[in-house]
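Here is a friendly walk through one protein chain, with a pocket, a helix and a few individual residues as stops along the way. Have the viewer open and follow along.

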Amino acid sequence: MIHFSSHKYIKYLQPCISQPLAWKPRRILRPPKRFEDLFARYFHRQCVKCSKTPQNPIICLFCGELLCLDDCCQTQQHVQGSDRLLHTSEMESHAESCSTSSGLFISLTSSMILVSRGRQAAIWGTVYLDAHMEEDRNLKRGKPLFLCETRLRWLEYDWADQEWQRVYQWFNMFHSNVFINYIRDCHLHH
């Protein structure tokens with residue numbers, strides 16, 4: 001048992017004991033109201049890891065970092081006890097370090113929210129809608145997109161519960177090119 005006989009320690013501990021703990025859950029960053037503002041801020045910026053402008057840029061919704069979904073930023077590790085190489089996308093490794101393996105990202109080329117969970121990834125949908133409250137998947141129509149508060153709340157609920165009810169298909173990230181093609185063609189898959 002530790003005894004603090006000095007008044008100096010009692011003064012130090014007194015405010016800590018009287019105040020309740022304030023747990024702060026991991027929060028999703030608030031995206032800008034207009035998608036074009038987000039796009040303008042990040043488009044043509046270079047990836048911190050490879051110093052190239054990503055072909056498939058994604059943004060972490062927890063820290064705001066621009067990442068490549070391209071193969072250039074994959075890391076490779078030998079699987080213990082075998083000659084196999086394990087490829088890890090930048091999205092996977094960033095999710096592991098930033099949000100303990102379950103991450104949320106927004107694709108700049110499609111406005112879609114991407115969910116990363118371990119070695120799997122999925123498209124959640126979008127939080128940006130046009131003036132008629134419709135999605136413009138892959139930005140094909142070129143209409144201005146605005147943040148939908150209802151969809152942002154749905155995303156926050158799904159994140160808090162880790163219940164991805166709006167996700168229809170999970171992709172194994174061993175084949176990240178399949179996932180990238182799915183994002184590119186997601187306007188065909190409603």
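## Ground rules and overview

Contact here means heavy atoms within 4.5 Å. Please keep in mind that this is a predicted model.

The protein chain has five helices and ten strands. Of its 190 residues, 41% count as buried. What about reach along the sequence? Taking contacts between residues at least 6 apart in sequence, 56% join residues at least 24 apart.

## The second largest pocket

Let us start with some empty space. The second largest pocket has a volume of about 180 Å³. Its lining is made of Leu29, Arg30, Pro31, Pro32, Leu38, Arg41, Tyr42, Ile59, Cys60, Leu61, Gly64 and Ile106. By character, the lining residues split into nine nonpolar, one polar and two charged.

Which elements each supply at least two residues of this lining? They are α2 (35–42) and β1 (57–60). The largest share, three residues, comes from α2, and that helix is the next stop.

## Helix α2 and its two sides

Phe35, Leu38 and Tyr42 are the buried residues to look for in α2. Viewed down the helix axis, the buried residues of α2 fall within an arc of 65°, so they line one face of the helix. Turned away from that buried side is a face carrying the exposed residues Ala40 and Arg41.

Two of the buried residues, Leu38 and Tyr42, are also among the residues that line the second largest pocket. The exposed Arg41 is in that lining too. As for what covers the buried residues of α2, the list includes β1, β2 (66–68), β5 (102–107) and β8 (128–129). Just after the helix, His44 takes a positive phi of about 70°.

## Arg34, ahead of the helix

Arg34 sits in the loop between α1 (7–18) and α2. Is Arg34 buried, exposed or partly exposed? Its relative accessibility is 35%, so Arg34 counts as partly exposed.

The side chain of Arg34 is joined to that of Asp37 by a polar contact of 2.8 Å. Setting aside residues up to four places away in sequence, Arg34 touches Tyr128, Leu145 and Phe146. Arg34 and Leu129 are 95 residues apart in sequence, yet their C-alpha atoms are 9.5 Å apart in space.

## Asp130, a buried loop residue

Moving along the chain, Asp130 is found in the loop between β8 and β9 (146–147). With a relative accessibility of 4%, Asp130 counts as buried, because the cut-off for that class is under 20%.

What does the side chain of Asp130 reach at 2.8 Å? The partner is the backbone nitrogen of His132. Leaving out neighbours within four places in sequence, Asp130 is in contact with Arg141, Lys143, Pro144, Leu145 and Phe146. Leu145 and Phe146 are also touched by Arg34, so it is worth showing Arg34 and Asp130 together in your viewer.## Ser102 and Gln162

Ser102 belongs to strand β5. This residue is buried, with a relative accessible area of 8%. Its contacts, not counting residues up to four places away in sequence, are Phe62, Ala95, Ser116, Arg117, Trp159, Gln162 and Trp164.

One of these partners is also linked through a polar contact: the side chains of Ser102 and Gln162 pair at 3.0 Å. Gln162 itself lies in the loop between α4 (149–161) and β10 (170–172). At 32% relative accessibility, Gln162 counts as partly exposed.

## Positive phi values

Most residues other than glycine have a negative phi. Against that background, Gln162 stands out with a phi near 55°, a positive value in a residue other than glycine. Ser111 is another non-glycine residue with a positive phi, near 70°.

Where is Ser111 found? It lies in the loop between β5 and β6 (112–117). At 1% relative accessibility, Ser111 counts as buried.

Notes
Residues are numbered from 1 along each chain as its sequence is written. This is a predicted model: local features need pLDDT of at least 70, side-chain atom pairs count only at pLDDT 80 or more; totals for chains, interfaces and linings use all residues. Side-chain values use heavy atoms; hydrogens and water are left out. On a 1 Å grid over the protein atoms alone, a cavity is a set of points where a 1.4 Å probe fits but cannot get out, and a pocket is an open set with protein on both sides within 12 Å along at least five of seven lines; lining residues have an atom within 4 Å of a point. Grid points are joined across faces, edges and corners, and a volume is the space filled by probe spheres set on the points. Helices (H or I, at least four residues) and strands (E, at least two) are DSSP runs, numbered from the N terminus. Ala, Val, Leu, Ile, Met, Phe, Trp, Tyr, Cys and Pro count as nonpolar, Asp, Glu, Lys and Arg as charged, and the others, Gly among them, as polar. Buried means under 20% relative accessible area, exposed over 50%, partly exposed in between (1.4 Å probe, protein chains only). The arc is that of the directions from the helix axis to the C-beta atoms. A polar contact is a pair of N or O atoms within 3.5 Å; within protein, one must be able to donate a hydrogen and the other to accept it, and residues adjacent in sequence count only if both atoms are side-chain atoms.
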